[in-house]
Amino acid sequence: MKKIAQFYKVSPKAFTDAMGEEFPCYPEENVKKMYETLSLPRRATVGSAGYDFFAPFSFSLAPGKTIKIPTGIRVRIDEGWVLQLYPRSSLGFRYRLQMNNTVGIIDSDYFYSDNEGHIFVKLTNDSNEGRTAEVAQGAGFVQGIFLEYGITVDDNADGIRNGGLGSTSNSVIMPDM
């Protein structure tokens with residue numbers, strides 16, 4: 001196995017700011033405790049491909065509802081590799097829990113963004129059986145898999161990332177038609 005990445009926590013300020021934006025109902029003292037108890041993603045077994053991300057707080061997600069979760073996690077990845085995020089298989093199977101962007105793509109240059117490369121996960125309970133998903137604080141809720149990728153022989157990308165979702169689309173130059 002190639003060792004190509006390392007997980008870190010974002011700074012306490014980045015986590016507190018994100019939680020304040022997404023969940024202003026949590027008192028700052030509770031957010032500080034959440035941050036202190038954050039666990040870095042890890043594999044459960046020697047044969048596991050996925051690194052489990054753990055819920056920073058407990059949540060219930062009713063059918064048809066969506067939640068955006070600041071994980072408190074960032075990852076440094078070697079160039080030529082990507083981290084792909086998926087819901088945990090058991091949650092998808094039981095509740096049809098789905099990521100809103102289908103698969104989360106964490107590029108190697110995201111680590112250096114102004115937001116510290118803070119990984120967010122947006123999930124929807126797409127249950128057609130009326131089942132509410134219950135996720136306890138500290139439970140695995142998504143998994144990340146590192147994959148190597150290639151580029152074309154005529155690739156000339158030179159854009160610089162600063163931000164998350166959709167931040168690279170502004171650097172795309174369309175050819176004249």
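In this predicted model, helix H2, which covers residues 28–37, has three buried residues: Val 31, Met 34 and Tyr 35. Viewed down the axis of H2, these buried residues fall within an arc of 100°, so they line one face of the helix. An α-helix has 3.6 residues a turn, so residues three or four places apart point the same way. On the other side of H2, Glu 36 and Thr 37 are exposed. The cover over the buried residues of H2 includes strand E1 (5–9) and helix H1.

## The protein as a whole

The secondary structure comes to three helices and eleven strands. Along the sequence, these elements follow the pattern β-α-α-β-β-β-β-β-α-β-β-β-β-β. The C-alpha trace spans about 50 × 40 × 35 Å along its principal axes. For 177 residues, a compact globule would have a radius of gyration near 16 Å, and the 17 Å of the protein agrees with this.

Of the 177 residues, 38% count as buried. The accessible surface of the protein comes to about 10800 Å², and carbon and sulfur atoms make up 51% of that surface. Among contacts with a separation of 6 or more, 77% are between residues 24 or more positions apart.

## Two open sheets

One open sheet has four strands in the order E2-E11-E6-E8, with antiparallel pairing. Strand E2 (51–54) and strand E8 (104–107) stand at its edges; each has a single partner strand, so one side of each is left without a neighbour in the sheet. Neighbouring strands of this four-stranded sheet are turned by 30° against each other on average, with direction ignored.

Another open sheet has three strands in the order E4-E9-E7, and its pairing is antiparallel. Here the edges are strand E4 (66–70) and strand E7 (97–99); each has a single partner strand, so one side of each is left without a neighbour in the sheet. The twist in this three-stranded sheet averages 30° from one strand to the next.

The table gives one strand pair from each sheet.

| Strand pair | Residues of the second strand | Bridges | Opposite residues |
|---|---|---|---|
| E2 and E11, antiparallel | 140–148 | four | Phe 53 and Val 142 |
| E7 and E9, antiparallel | 120–125 | three | Leu 97 and Asn 125 |

Where does helix H1 lie? Helix H1 (residues 12–22) lies across E4 and E9, and runs at about 165° to E4. H1 is also among the elements that cover the buried residues of H2.

## A buried histidine in a loop

His 118 is found in the loop between E8 and E9. Is His 118 buried or exposed? His 118 has a relative accessibility of 2%, and because buried means under 20%, this residue counts as buried.

Which residues is His 118 in contact with, leaving aside its neighbours within four places in sequence? They are Val 10, Ala 14, Phe 15, Ala 18, Pro 70, Thr 71, Gly 72, Ile 73 and Tyr 110. Of these, Ala 14, Phe 15 and Ala 18 belong to helix H1, which covers residues 12–22. Pro 70 is another of the contacts of His 118, and strand E4, at an edge of the three-stranded sheet, runs over residues 66–70.

How values were computed. Residues are numbered from 1 along each chain as its sequence is written. This is a predicted model: local features need pLDDT of at least 70, side-chain atom pairs count only at pLDDT 80 or more; totals for chains, interfaces and linings use all residues. Side-chain values use heavy atoms; hydrogens and water are left out. Two strands pair if DSSP finds at least two bridges between them. Axes are lines fitted to C-alpha atoms, for helices over the stretch in contact, and angles run from 0 to 180 degrees between N-to-C directions. Contact means heavy atoms within 4.5 Å. The radius of gyration is taken over C-alpha atoms; the globule rule is 2.2 Å times the number of residues to the power 0.38. Buried means under 20% relative accessible area, exposed over 50%, partly exposed in between (1.4 Å probe, protein chains only). Accessible areas come from the Shrake-Rupley method with a 1.4 Å probe; for residues, only the protein chains shown count as cover. The arc is that of the directions from the helix axis to the C-beta atoms.
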